[in-house]
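Hi everyone, thanks for coming. I'd like to walk you through one structure today, so please have it open in front of you.

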Amino acid sequence: MARQRTDIATLLRGIEQAGGIDAYVDAQLREHGFLVQRKPTDNMSQRELARYKKELKDEAAERRKLRKEAREAYETQHIVYLGEGVFWNDAYDYDKWDLEDAEERAAENELPALDKPVQLADALGITVPQLRHLAYHRDCAEMVHYRRFTIPKRNGGERAIWAPLPRLKGVQRWVLRAIVERLLIHGAAHGFVPGRGIHTNARIHRDASIVLKMDIKDFFPSVTFPRVRGVFRKAGYREQIATLLALICTEAPREIVEEDGKRWFVSLGPRCLPQGAPTSPALTNVVCLKLDRRLTGLAEKLGWRYSRYADDMTFSRPRGAKGPPNFATLRSRARQIVMDEGFRVHPDKTHVARRGARQTVTGLVTNGDLPPRVPRRNRRQIRAAIHNLGQGKPLHDGETVDTLAGYIAYIAMTDRAAADRLRQELSAALGG
């Protein structure tokens, strides 16, 4: 193995000194006497012509052999090609879209210094060929680095989740920890942010005279490969590294097709953030920085409050706020801002709740000046399920001891005392 690494290193030095694979191959052919000087064949005798053809044949065979060896060595340290429709240039020159102060920006963000693909591969603990394999794009692929499954939606439909396979998942987690989580997001973002959650999101909108909730349509698919690459470029990485990181974090939405006993994964659109990758939620917060900034400014100007949890945007007007509510203005301008920032408001998921009706934000009741809380109906359902369990009655479909424990943990986020009482009741029902 050590001899093989030495041979590869020697080859790579030779290729670099020659100025590329083709120049290296020509130099080797010339040095070892295989390079044939081309000349006219009109006046050659049959013997001379046969000898000339043999020399050309020997040169071609040696050229193929040298080129194969050189390319295999080159591909251990270079990406070369990343698939259909993906621009790639192995030269380490600057792209016109790179930031002029890219390295300084990366240092300000306290990001790993990554200038070449081999550095990124080393940081990820993989080889360059493995990095190329994880980032490679095909419109029609026999395999992808994701496992597909579905989960039920609240409206009765199904949501497709594409979960990365172990190697890609490990790589994405490194990108998340080392890069994405260090990038700037807005304070209005509460989803997938350490220390924040549905309770902090709902707390902003307590005691409101009116609550307006809007939903972004096709949130994850709207964050496409070019937008993700732009995030990494703005963070301080140049074209090569930004491209690789964006490919690692995106995948095309796909349909699974069976043909002649073979399974194919056929792309249905451009690469985007897959719902199921650990990097996707945090990247949406980075992408939405300007959106959150603009919507916060709009809300404050009109006397409202604003927050966002993933694709759920919430506006509320504090009770007792002075001046006209400007409700129509807020709604129309918010829609326009969402469109300006490359998203769309879901036409069927805009809801208004005035004071006197139940106001909920990310599932928690926010009426009055009490802390956000789980709706009383949900707590009653959990208590009824625990009672049935204690009486030896079967639980309803979809209910298990684990799901009951999960619901209780959910309640604990906003009402620890109530959650503790429910845990005690569950333990007693189980004979604990």
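**Sheets, helices and spaces**

Let's begin with a pair of strands: β7 and β8, the latter spanning residues 312–318, run antiparallel to each other and are joined by five bridges. Before I go on, please keep in mind that this is a predicted model. If you'd like one pair to click on, take tyrosine 306, whose bridge partner in β8 is phenylalanine 315.

Now zoom out a little. These two strands belong to an open sheet of four, ordered β7-β8-β4-β9, with antiparallel pairing. Which strands sit at the edges? They are β7, residues 305–309, and β9, residues 351–354, and each of them pairs on one side only. On average, neighbouring strands of this sheet are turned by 15° against each other, if we ignore direction. There is also a helix packed on this sheet: α13, residues 289–301, touches β7 and β8, and its direction makes about 155° with that of β7. Hold on to α13, please, as we will meet this helix again at a pocket.

On to the other sheet I want to show you. Here three strands form an open sheet in the order β1-β6-β5, and the pairing is again antiparallel. The edges are β1, residues 140–141, and β5, each pairing on one side only. As a general reminder, the strands of a sheet pair through backbone hydrogen bonds, in either a parallel or an antiparallel way.

How many bridges hold β5 and β6 together? The answer is six, between β5 at residues 254–259 and β6 at residues 262–267, in the antiparallel sense. We can follow this pairing along the strands. Arginine 254 has serine 267 in β6 as its bridge partner. Valine 257 is bridged to tryptophan 264 of β6. Glutamate 259, in turn, has lysine 262 in β6 as its partner. The two strands make a hairpin with two residues between them, and in the turn aspartate 260 has a positive phi of about 55°. On the other pairing, β1 is joined to β6 by two bridges, and these strands run antiparallel. There, cysteine 140 stands opposite valine 266 in β6.

Next, some helix packing, and our central character is α5. Helix α5, residues 117–124, packs against α11, residues 239–249, at an angle of about 40°, with the axes 9 Å apart. The two helices are therefore oblique to each other. Which residues meet here? From α5 we have Pro117, Leu120 and Leu124, and from α11 they meet Gln240, Ile241, Leu244, Leu245 and Ile248. Sorted by class, the residues of this contact are seven nonpolar, one polar and no charged.

Helix α5 has another neighbour, α7, which covers residues 166–178; these two pack at about 105°, with axes 10 Å apart. That angle makes α5 roughly perpendicular to α7. Leu120, Ala123 and Leu124 of α5 make this contact with Val171, Trp174 and Val175 of α7. By class, that gives six nonpolar residues, no polar and no charged ones. If you look back, you'll see Leu120 and Leu124 listed in the contact with α11 and in the contact with α7.

Finally, let's look at the spaces. How many cavities of 30 Å³ or more are there? The count comes to one, and the volume of the largest cavity is about 140 Å³. Its lining has 17 residues, with Tyr136, Met143, Val144, His145 and Glu251 nearest the centre. Helix α6, residues 128–135, and helix α11 each supply at least two residues of that lining. The lining divides into nine nonpolar, four polar and four charged residues.

I'd also like to show you the second largest pocket, with a volume of about 450 Å³. It is lined by 14 residues, and those closest to its centre are Val231, Lys234, Val286, Val287 and Leu289. This is where α13 comes back: α10 (225–235), α12 (280–287) and α13 each give at least two residues to the lining. The largest share, four residues, comes from α10. As for character, the lining of this pocket has seven nonpolar, one polar and six charged residues.

That's my tour, and I'm happy to go back to any part of it.

How values were computed: Residues are numbered from 1 along each chain as its sequence is written. This is a predicted model: local features need pLDDT of at least 70, side-chain atom pairs count only at pLDDT 80 or more; totals for chains, interfaces and linings use all residues. Side-chain values use heavy atoms; hydrogens and water are left out. Axes are lines fitted to C-alpha atoms, for helices over the stretch in contact, and angles run from 0 to 180 degrees between N-to-C directions. Angles under 35 degrees count as roughly parallel, over 145 as roughly antiparallel, 65 to 115 as roughly perpendicular and the rest as oblique. Contact means heavy atoms within 4.5 Å. Ala, Val, Leu, Ile, Met, Phe, Trp, Tyr, Cys and Pro count as nonpolar, Asp, Glu, Lys and Arg as charged, and the others, Gly among them, as polar. Two strands pair if DSSP finds at least two bridges between them. On a 1 Å grid over the protein atoms alone, a cavity is a set of points where a 1.4 Å probe fits but cannot get out, and a pocket is an open set with protein on both sides within 12 Å along at least five of seven lines; lining residues have an atom within 4 Å of a point. Grid points are joined across faces, edges and corners, and a volume is the space filled by probe spheres set on the points.
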